[in-house]
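Got your viewer open? Load the model and follow along, one selection at a time.

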Amino acid sequence: MDKIAFDHTAEGSSLNCNEDKTENRSDSACPSSVRGKPKSGRIWKSQKLRFASIKKSVQCKKSSQQHAFREEIKHIKELSRSIKETRRRENDIKRLRREENKRRRIENERKSEIVQVIKNPAKLKRMRKKQLRLIERRDISKLNVV
């Protein structure tokens, strides 16, 4: 039983090669790109190709041009690498400076604090909530408290 399907496209009707399996399939009349009517009914949509299947044109350059091109690419990569390295170094310097400033600021705040040691714990129970929020614990061994 021979099956022949027709594809109604802009080029006209062409055979879709669903003929008997005994015949030779190496015919040029049966390209693999010819497809039937899509199930969705959107006949104007073409089949999409994957990126790997797209053939790229081969560059026809002389070896001297290729060598110059490679050297230019190496030069550009080296420039970009050096720019990235300088940016990274600058960011490291800025980060270290920020950390140092923060440490110094905290240290200066601690030095300028007015410290009053509470020796009587009953005083804490009499304090109101607002006053308790202002109290902080400190290690007085490091501070010079009289």
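Before we start, a word on labels: helices and strands here are DSSP runs, with at least four residues for a helix and at least two for a strand, numbered from the N terminus. Keep in mind, too, that this is a predicted model.

**Stop 1: the whole chain.** Switch to cartoon view and you'll find three helices and two strands. Starting at the N terminus, the order is β-β-α-α-α. Now colour by accessibility: of the 146 residues, buried ones make up 2%. If you turn on the surface, you're looking at about 15400 Å², with 52% of that belonging to carbon and sulfur atoms.

**Stop 2: helix α1.** Select residues 63-112, which form α1. Show the side chains of R88 and D92: they make a salt bridge, with their closest N and O atoms 3.1 Å apart. The two sit four residues apart in the helix, or about one turn. D92 is partly exposed, at 26% relative accessibility, and R88 is partly exposed too, at 43%.

Which residues are linked with this pair in a network of salt bridges? Add E85, R95 and E99 to your selection, and the network of E85, R88, D92, R95 and E99 is on screen.

Further along α1, pick E100 and R104, again four residues apart. Their salt bridge has its closest N and O atoms 3.9 Å apart. Across the structure there are eleven salt bridges.

**Stop 3: a link between segments.** Next, select E113 and R138. Their salt bridge brings the closest N and O atoms to 2.9 Å. R138 lies in the segment after α3 and E113 in the loop between α1 and α2, so this pair ties together parts that are 25 residues apart in sequence. R138 is partly exposed, with a relative accessible area of 29%, and E113 is partly exposed at 31%.

**Stop 4: the largest pocket.** Where is its centre? Select Q116, V117, I118, I135 and E136, which lie nearest to it among the 18 lining residues. The elements giving two or more residues to the lining are α2 (122-126) and α3. The pocket's volume is about 720 Å³.

**Stop 5: a nonpolar patch.** Keep I118 and I135 selected and add L124 and L132: these four make a nonpolar surface patch of about 280 Å². I135 sits in the segment after α3 (129-134). Is I135 buried or partly exposed? It is partly exposed, with a relative accessible area of 34%. Patch residues need over 30%, so I135 makes the cut at 34%.

Conventions. Residues are numbered from 1 along each chain as its sequence is written. This is a predicted model: local features need pLDDT of at least 70, side-chain atom pairs count only at pLDDT 80 or more; totals for chains, interfaces and linings use all residues. Side-chain values use heavy atoms; hydrogens and water are left out. Patches are made of residues with over 30% relative accessible area and no salt bridge: like charges are joined within 9 Å, nonpolar side chains (Val, Leu, Ile, Met, Phe, Trp, Tyr) within 5 Å. Accessible areas come from the Shrake-Rupley method with a 1.4 Å probe; for residues, only the protein chains shown count as cover. Buried means under 20% relative accessible area, exposed over 50%, partly exposed in between (1.4 Å probe, protein chains only). On a 1 Å grid over the protein atoms alone, a cavity is a set of points where a 1.4 Å probe fits but cannot get out, and a pocket is an open set with protein on both sides within 12 Å along at least five of seven lines; lining residues have an atom within 4 Å of a point. Grid points are joined across faces, edges and corners, and a volume is the space filled by probe spheres set on the points.
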